[in-house]
Amino acid sequence: MPDHAYNWFDGHAHRTVYAGETSSTKKITASIIQGSSIGPASYVITSADLTTTHPDNAMVKYADDTYLIIPASGVHTRATQINNITTWAIRNNLTLNMAKTTEIVIYDSRRKQQHMPPPLPGIARVDSLRVLGVTLTRRLSASDHIRQVVGDCSQSLYALRVLRHYGLTDVCP
């Protein structure tokens, strides 16, 4: 990276000002400023070399989110994949946030016998997962998502009815 571009990213610091008091300034040695438009593009470039260790597994990256998809035939590769991601993060001066790392096991609900692999240490297993704004369940159903969207719309419509009852009009002043 050219020096002038590097210097634009380097040298971030943070301090907090509250109620007339100012904290000491601390240098930020990694990452991109939260909420900046450069963050997602920077992650895409940085994560270009983040790949799976098993050819049947897939890595899906969007903005600053990464999803690892492992088919049932590759369930034995889960720990190796997590170690690979952790090592990659350390090499790139990043940290895998284990508090945000979850596992969902999707299965065919028509089968009587479900084979569930043991959970990986430190990774929470969840029954539903929000992917790009859509909630998916372990049965690969979007019904929870649809229920949430309909509920949100219902609340908004109720709020508009109340506001209209108290004089809100369609005409802007």
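**Entry 1: Leu132 and Val131**

I began with Leu132, which counts as exposed at 52% relative accessibility. My cut-offs are these: buried is under 20% relative accessible area, exposed is over 50%, and partly exposed lies in between, with a 1.4 Å probe and protein chains only. The model is predicted, so I noted its rules: local features need pLDDT of at least 70, side-chain atom pairs count only at pLDDT 80 or more, and totals for chains, interfaces and linings use all residues. Residues are numbered from 1 along each chain as its sequence is written, and side-chain values use heavy atoms, with hydrogens and water left out.

Leu132 sits in the loop between strand 9 (128-131) and strand 10 (134-137). Helices (H or I, at least four residues) and strands (E, at least two) are DSSP runs, numbered from the N terminus. I looked up the phi of Leu132 and found a positive value near 50°, in a residue other than glycine.

Next I checked Val131, which belongs to strand 9. Val131 is partly exposed, with a relative accessible area of 23%. I also looked up Val131 against Tyr62: they are 69 residues apart in sequence, and their C-alpha atoms are 9.9 Å apart in space.

**Entry 2: The whole chain**

How many helices and strands does the protein chain have? I count 4 helices and 10 strands. I wrote down their order from the N terminus: α-β-β-β-β-α-β-β-α-β-β-β-β-α.

The protein chain has 173 residues, and buried ones make up 15% of them. Its exposed surface is about 13,500 Å², and carbon and sulfur atoms supply 57% of that. These areas come from the Shrake-Rupley method with a 1.4 Å probe; for residues, only the protein chains shown count as cover.

I then turned to contacts, meaning heavy atoms within 4.5 Å. Among contacts between residues at least 6 apart in sequence, 33% join residues at least 24 apart.

**Entry 3: Helix 3**

Helix 3 has 14 residues and reaches 20 Å from its first C-alpha to its last. That is close to the 20 Å expected at 1.5 Å a residue. The expected span is 1.5 Å times one less than the number of residues.

Which residues of helix 3 are buried? I found Arg78, Gln81, Ile82, Ile85, Trp88 and Ala89. They cover an arc of only 125° around the axis, so they lie on the same side of helix 3. The arc is that of the directions from the helix axis to the C-beta atoms. A reminder to myself: an α-helix has 3.6 residues a turn, so residues three or four places apart point the same way. On the other side of helix 3, Ile90 and Arg91 are exposed.

**Entry 4: Gln81**

I picked out Gln81, in helix 3 (residues 78-91). Gln81 is buried, with a relative accessible area of 0%. Leaving aside neighbours within four places in sequence, I find Gln81 in contact with Thr51, Thr52, Thr53, His54, Asn57, Leu68 and Ile70. A polar atom of the Gln81 side chain lies 3.4 Å from the backbone nitrogen of His54.

**Entry 5: The core**

The largest nonpolar core has 6 residues: Tyr43, Leu50, Met59, Ile85, Trp88 and Ala89. Its largest share, 3 residues, comes from helix 3. Such a core is a set of buried Ala, Val, Leu, Ile, Met, Phe, Trp, Tyr and Cys residues joined through side-chain atoms within 4.5 Å. I followed Ala89 further: neighbours within four places aside, Ala89 is in contact with Leu94, Thr95 and Leu96.

**Entry 6: Asn93**

Where is Asn93 found? I located Asn93 in the loop between helix 3 and strand 7. Asn93 comes just after helix 3. Its phi is positive, about 60°, although Asn93 is not a glycine. Asn93 is partly exposed, with a relative accessible area of 49%.

**Entry 7: Glu103**

Is Glu103 buried or exposed? At 12% relative accessibility, I put Glu103 down as buried. Glu103 is part of strand 7 (residues 102-103). Not counting residues up to four places away in sequence, Glu103 touches Arg78, Pro119, Leu120, Ile123, Ala124, Arg125 and Val126.

**Entry 8: Helix 4 and Thr25**

Helix 4 (residues 143-165) has 23 residues. It reaches 33 Å from first C-alpha to last, close to the 33 Å expected. Just after helix 4, I saw that Gly167 takes a positive phi of about 110°.

Last, I checked Thr25, in the loop between strand 3 (21-22) and strand 4 (26-27). Thr25 and His14 are 11 residues apart along the chain, with 5.5 Å between their C-alpha atoms. Beyond neighbours within four places in sequence, Thr25 is in contact with Ala13, His14 and Arg15.

Key
Polar contact = N/O pair within 3.5 Å; in protein donor to acceptor, adjacent residues only side chain to side chain.
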